[in-house]
Amino acid sequence: MNRSKRRTGRRHPLATVALLALGLVFTGGAYAAVSSGTAAQAEADPTSQQTIEEGKKLFQANCATCHGLEAQGTEFGPSLIGVGAASVDFQVGTGRMPMQMQGPQAQEKPVQFTDEQVKQLAYYVASLGPGPDIPEDHLVDGGGDAANGAELFRINCAMCHNVAGAGGALTQGKYAPPLTDVSGVHIYEAMVTGPQNMPVFNDLNISPEDKRDIITYLKYVQDNRSPGGFELGALGPVAEGLFIWVFGLGVIVAITVWITAKSN
Amino acid sequence: MSTATSPNGTQQKPSFTTAASVYVNERTSVAGFVKELGRKAFPDHWSFLLGEVALFAFVVVLITGTFLTFFFQASMAEVHYDGSYVPLKGVEMSVAMASTLDISFDVRGGLFVRQMHHWAALLFIAGIGLHMLRVFFTGAFRKPRELNWVIGFVMFILAMGEGFTGYSLPDDLLSGNGLRIIDGMIKGMPLIGTWTSFLLFGGEFPGTAIVGRLYTLHILLLPALLVALVALHLVFVVVHKHTQYAAPGKTQLNAVGPPILPTYAAKAGGFFFIVFGVLALIASLFTVNPIWNYGPYDPSPVSAGTQPDWYIGFADGALRLIPPGWEFVWLDRTWSFNILVPLIALGGFIVAAMLYPFIEAWVTGDKREHHIADRPRNNPTRTAIGAAGVTFYAGLWAAASSDILATHFSLTMEGVIHALQATVVIGPFIAYFIAKRVCIALQKKDREIVLHGYESGRIVKLPGGEFIEVHQPLDEYDRWKLVSYESYQPLMLRPNARGKITVGQRVRAAVSRWFFEDRIAPVTKRELEAAHSSHHDAAELEAAPSSQH
């Protein structure tokens with residue numbers, strides 16, 4: 001009876017879901033295949049004239065409005081001659097440039113260019129004058145001394161970025177962003193170029209090895225979340241106090257209401 | 001008490017419980033005490049359990065704290081950390097910090113107990129805070145309970161001291177910054193400041209003595225005082241009886257509720273385990289005070305987002321809200337009014353709150369005992385004063401997180417500070433006004449409901465064509481709650497026996513006028529009868545609507 005009832009030709013209620021899942025897997029897979037294909041081509045040769053030419057075209061189309069056709073700067077944006085490839089790779093590679101609007105500081109947003117285009121822009125600007133270069137891989141791979149990095153971070157960085165890299169407020173609406181998902185390359189570039197309100201930490205201030213240690217520490221914090229459980233944003237006592245008042249005491253008060261509900 | 005004799009004359013062996021209780025009673029005479037205490041009635045209302053929340057959290061703090069003392073070493077001797085936490089390996093730190101890290105990473109269950117201790121401490125003081133608000137807004141501090149309010153208030157201050165000394169013990173960067181602020185506040189006091197600071201720290205800040213001293217305060221002196229005061233507080237609760245909310249059968253002379261034994265004791269005992277369980281759950285799921293992030297104390301770094309635990313936040317906020325430039329040199333000394341003003345303002349606030357029961361008693365001149373707790377709306381001025389105090393405190397409290405407010409709501413730090421300065425200075429007046437008006441409006445609504453009943457939503461057309469809404473009369477039990485409260489009249493100035501009006505009397509009359517000028521008197525019996533007789537036609541109409549057609 002049951003069996004014949006089931007074969008009514010109607011689709012199983014989960015059929016739509018299964019179909020959707022299948023479709024998503026295919027689309028996602030295809031997308032991943034295509035995007036890894038493009039990533040393979042993303043290596044731009046820093047020395048080739050073609051890279052620099054491409055970068056110049058991109059620059060003139062996307063950046064020249066504020067920075068000038070020859071990157072000499074205008075009243076809306078500073079000169080980029082001599083800022084180096086590191087600066088461009090950081091600003092464009094984290095989506096801060098091109099800037100969405102004038103404000104206290106450039107905000108992070110989705111990256112507007114492919115990796116290849118970012119590199120082309122970077123090498124074009126680097127070709128205009130000497131400046132800090134994009135760091136080599138061994139400096140940003142997180143293979144240094146985390147303990148030394150942590151100490152340096154507390155002394156040099158924590159006053160703005162917070163000891164756990166949770167970020168912090170500065171004056172007049174400016175802020176030090178959280179470092180919880182910044183890549184090693186971008187951390188290094190930020191230290192050598194001093195973007196937005198950040199000071200420059202040159203190699204005499206903090207040696208490249210020490211920078212590597214700092215990155216190692218930040219990578220450690222990024223990869224090893226708190227041993228104590230959920231971190232509540234790593235914001236310290238404010239988040240903890242808010243939590244105990246809203247959730248801790250909230251739950252307990254709800255229970256007191258429940259305990260005394262019957263007799264009333 | 002004696003062994004039972006069965007009908008056929010043979011003696012039955014007494015049960016173990018009987019034998020044991022007889023044994024104990026014959027040696028301690030405890031039966032009378034148990035009988036007396038066990039039959040005490042405890043009125044049942046959720047808000048009466050808030051003090052228990054604090055008490056139970058305190059018990060959890062004591063239990064977990066004892067565990068922590070087995071492993072914590074209160075020494076500021078310097079060592080190189082050699083435990084399991086990689087980003088601190090080899091870093092120089094005090095033994096206190098290293099042993100706290102060992103508790104966190106190398107003692108089995110240590111991190112769980114440490115987190116439970118800290119979370120329980122946060123809940124303990126939050127519980128006290130909410131309990132105090134309940135007592136304040138229901139007027140449960142009135143005679144005979146004024147002294148118990150003061151005892152509770154002293155415990156609140158001691159608990160803050162416990163919290164502060166406790167979170168300063170690990171000697172991590174955050175707590176060191178907190179100690180530095182306290183050191184600065186002490187040094188900001190004229191004449192005695194520097195001496196006091198050197199006395200406390202055993203020399204120049206930070207020295208090598210402070211952790212050991214705080215430890216003695218934290219595990220010996222303050223807990224001993226707290227336990228003694230908790231006991232005294234509870235003795236007073238028994239002596240005074242618990243307050244209760246107005247309801248039929250509840251008077252100033254009785255306390256209506258389940259007896260302590262067995263009902264209430266079982267409930268409270270169960271509730272202890274619930275609080276314990278909630279704290280255990282929180283401690284196992286949520287990080288608190290991750291000192292491994294903060295690193296060892298070093299006077300040079302200060303992290304962004306450095307805040308004290310929530311209960312010290314109002315003091316930190318007060319310091320943050322003082323505008324720049326409030327210090328000057330006079331008589332070859334620096335006068336730090338940026339520190340003195342917050343100290344005086346907060347000290348004044350705390351003393352005023354502690355003495356409030358006496359102030360109100362003086363204003364009302366009421367010498368009677370009060371065992372029926374007020375509904376907050378029925379004493380509009382007190383409730384408004386409370387609302388103003390809460391606003392003042394909350395403004396300071398929020399100021400302690402001004403930087404986090406700025407980053408998380410995309411605001412400027414200066415904007416947040418100015419807004420909070422306004423909140424702290426003007427906010428209390430606005431809150432006072434709004435709270436008072438809301439209370440009076442609610443009283444008017446109550447009065448309306450008592451006199452004319454609930455709006456039933458039923459529209460009836462009268463023969464004349466008029467539409468009226470039928471009001472449902474209130475039943476007696478609900479009415480009781482709405483009419484049984486007291487409304488004081490402003491004090492009338494009268495000459496005393498010597499025919500004089502003293503200045504004190506004038507002040508008292510002025511304050512009394514401010515307190516009780518705007519008031520809604522409870523509905524009297526006569527008013528009620530008058531209202532009911534005038535509603536007769538409506539009631540008749542409802543009773544026999546068909547005859548009207």
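Start by selecting Trp119(B): leaving out residues up to four places away in sequence, Trp119(B) touches Ile244(A), Leu279(B), Ile282(B), Ala283(B) and Val288(B). Touching, or being in contact, means that the C-beta atoms of two residues, placed from the backbone, lie within 7 Å.

Before going on, a word on what you have open: this is a predicted model, where local features need pLDDT of at least 70 and side-chain atom pairs count only at pLDDT 80 or more, while totals for chains, interfaces and linings use all residues. Residues are numbered from 1 along each chain as its sequence is written, and chains are lettered from A and ligands numbered from 1 in the order in which they are written.

**The core around Trp119(B)**

Keep Trp119(B) selected and add Val125(A), Ala57(B), Ala120(B), Leu123(B), Phe124(B) and Leu279(B); these are the residues that touch the most other members of the largest nonpolar core, which has 159 residues. Such a core is a set of buried Ala, Val, Leu, Ile, Met, Phe, Trp, Tyr and Cys residues joined through C-beta atoms within 7 Å. Buried means that 20 or more other C-beta atoms lie within 10 Å of the residue's own, exposed means 12 or fewer, and partly exposed is in between, with C-beta atoms placed from the backbone. H5(B) gives this core its largest share, 15 residues. Chain A joins in too, with at least three residues from each of domain 1 (44–126) and domain 2 (137–231); the domain bounds come from an automatic or database domain assignment.

**Where the chains meet**

Now colour by chain. How many residues of chain A are in contact with chain B? There are 52, and they meet 56 residues of chain B. To light up the chain A side, pick helices H8 (146–156), H9 (158–161), H11 (208–223) and H12 (237–261) and strands E1 (168–169) and E2 (175–176) of chain A, the elements that each give two or more residues. Helices (H or I, at least four residues) and strands (E, at least two) are DSSP runs, numbered from the N terminus. H12(A) supplies the largest share of this side, 16 residues. By type, the chain A side has 31 nonpolar, 17 polar and four charged residues; Ala, Val, Leu, Ile, Met, Phe, Trp, Tyr, Cys and Pro count as nonpolar, Asp, Glu, Lys and Arg as charged, and the others, Gly among them, as polar. For the complex, the predictor gives an ipTM of 0.89 and a pTM of 0.87.

**Chain A alone**

Hide chain B and trace chain A: 12 helices and two strands, running α-α-α-α-α-α-α-α-α-β-β-α-α-α along the sequence. Of its 264 residues, 39% count as buried.

**Chain B alone**

Swap over to chain B, with 21 helices and eight strands. Its C-alpha atoms fill a box of roughly 95 × 90 × 60 Å along the principal axes, and 37% of its 549 residues count as buried.

Next, zoom in on helix H1 (residues 16–28) of chain B. None of the 13 residues of H1(B) is buried, so this helix lies largely in the open. Just past H1(B), click Ser29(B), which takes a positive phi of about 50°.

Finish by colouring chain B by pLDDT, the predictor's confidence in each residue, from 0 to 100. The mean for chain B is 90, and 95% of its residues reach 70 or more. Helix H5 (residues 110–137) of chain B has the highest confidence, at 97, and helix H21 (residues 536–543) of chain B the lowest, at a mean of 50. Residues 1–6 of chain B fall below 50, and pLDDT stays under 50 over residues 543–549 of chain B as well.
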